[in-house]
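Biologist: I would like to go through this model slowly and ask, for each label, what earns it. Could you set each value beside its cut-off as we go?

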Amino acid sequence: MSDTGTVTDKAEGAPRKAARPSLWLTVLSLAAFALLIALGIWQIERRAWKLALIDRVEQRVHAPAQPIPSPASWPAVSAANDEYRHVSLQGRFLHDRETLVQAVTEGGPGFWVLTPLQRDDGTQVLINRGFVPSERRDASTRRDGNPDGQVEITGLLRISEPKGGFLRNNVPQHNRWYSRDVAAIATARDLHEVAPFFVDADARSQSAGGPIGGLTVISFPNNHLIYALTWFALAFMLAGRLFVTFGGGLFRRKRFVHEQAGGTDAVARRTGSDAGTIVEPT
């Protein structure tokens with residue numbers, strides 16, 4: 001009888017112990033589940049923001065060209081409110097103060113040609129006239145494409161790109177430029193009253209023999225839905241694991257208790273039946 005009780009106690013204790021994971025592991029699992037759900041929701045919100053941004057930029061790019069912001073409003077110019085606006089302006093190029101910024105396009109490596117445009121009100125605006133391949137880096141190879149006198153430029157307003165490009169900083173003292181940093185270029189070229197933005201000239205503004213304009217790349221990666229589904233899938237798998245750990249353990253425990261009850265009755269019945277057939281020796 002004592003052996004039967006011992007075996008039963010041990011058998012009942014095994015599933016009960018398995019159904020109780022450590023407290024810290026439980027807390028971490030629940031926290032991870034909440035974090036995964038939060039990340040998925042955040043990606044959904046980011047997707048909505050990105051779609052609104054793409055729609056806003058599309059409207060700006062295809063809108064009729066408008067004059068650039070006035071100098072009084074330059075401090076308020078921002079990427080959210082103004083980048084990629086279709087703008088127009090007039091002035092005279094200062095070709096002797098152009099700056100070459102390294103670029104890579106579908107046509108291969110080369111340079112963006114940034115030239116200050118002197119306006120009638122005394123202010124200057126950097127114009128990205130377009131792309132030239134490396135063999136046309138020297139301004140003497142494209143003099144025929146440098147217009148003199150008054151010109152009208154249409155293009156897209158762009159926000160300054162400070163400090164440098166990816167893993168490469170601008171080196172003004174050596175005239176090495178990897179990004180279109182308006183403030184740094186203005187200082188290096190001794191420009192004053194310069195707009196805090198630059199303008200990407202479109203193809204209509206280019207001159208024969210000059211840089212190739214109209215190459216602005218407008219691309220906004222939108223993988224937020226994939227990221228959201230990934231986070232939700234991980235949360236679902238973690239929830240399944242938690243169910244197996246807790247719900248499955250509870251199910252196994254109940255089933256074990258029922259089996260033990262049935263097993264005890266069977267033992268009792270077998271014992272009684274056997275007792276009736278025992279013959280005492282004389």
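**Asking what the labels rest on**

Modeller: Let us begin with the inventory: the protein has 5 helices and 9 strands, and please keep in mind throughout that this is a predicted model. Read along the sequence, these elements follow the pattern α-α-β-α-β-β-β-β-β-β-β-α-β-α, and buried residues make up 35% of the 282 residues.

Biologist: What makes strand S5 a mostly covered strand?

Modeller: Strand S5 spans residues 124-133, and 10 of its 10 residues are buried, where buried means under 20% relative accessible area.

Biologist: Which strands does S5 pair with, and how do you know that they pair?

Modeller: Two strands count as paired if there are at least two bridges between them. Strand S4 (residues 108-118) is joined to S5 by 9 bridges, and these two run antiparallel; strand S9 (residues 194-201) is joined to S5 by 4 bridges, and here the strands run parallel. As examples of the register, Leu117 stands opposite Val125 in S5, while Ile127 stands opposite Val199 in S9. S4 and S5 also form a hairpin with 5 residues between them, and Gly122 in that turn has a positive phi of about 90°.

Biologist: Why is Tyr84 called buried?

Modeller: Tyr84 has 9% relative accessibility, and the cut-off for buried is under 20%, so Tyr84 counts as buried. Tyr84 is found in the loop between helix H3 (79-82) and strand S2 (86-93), and its phi is positive, about 70°, although Tyr84 is not a glycine.

Biologist: Why is Asn175 called partly exposed?

Modeller: Asn175 has 38% relative accessibility, and partly exposed covers the values between under 20% and over 50%, so Asn175 counts as partly exposed. Asn175 lies in the loop between strand S8 (168-169) and helix H4 (182-188), and its phi is near 60°, a positive value in a residue other than glycine.

Biologist: What makes the contact between Glu98 and Arg142 a salt bridge?

Modeller: The rule asks for a side-chain nitrogen of Lys or Arg within 4 Å of a carboxyl oxygen of Asp or Glu, and the side chains of Glu98 and Arg142 meet at 2.8 Å, N to O. Glu98 lies in the loop between S2 and strand S3 (99-105) and Arg142 in the loop between S5 and strand S6 (150-159), so the pair ties together parts that are 44 residues apart in sequence. Both residues, Glu98 and Arg142, are buried.

Biologist: How do you know that Arg158 and Asp200 form a salt bridge?

Modeller: Their closest N and O atoms are 2.8 Å apart, and the limit is 4 Å. The pair links distant parts of the chain, with Arg158 in strand S6 and Asp200 in strand S9, 42 residues apart. Arg158 is buried, with a relative accessible area of 9%, and Asp200 is buried too, with a relative accessible area of 4%.

Biologist: Is Glu161, which forms a salt bridge with Arg180, buried or partly exposed?

Modeller: Glu161 has 22% relative accessibility and therefore counts as partly exposed, whereas Arg180 is buried, with a relative accessible area of 10%. The closest N and O atoms of this pair are 2.9 Å apart. Finally, Glu83, Arg158, Glu161, Arg180 and Asp200 are linked in a network of salt bridges, and by the same rule the count comes to 8 salt bridges.

Terms used. Residues numbered from 1 in each chain as written. Predicted model: local features only at pLDDT ≥ 70, side-chain atom pairs only at ≥ 80, totals over all residues. Heavy atoms only, no water. Buried < 20%, exposed > 50% of the residue type's maximum accessible area, 1.4 Å probe, protein only.
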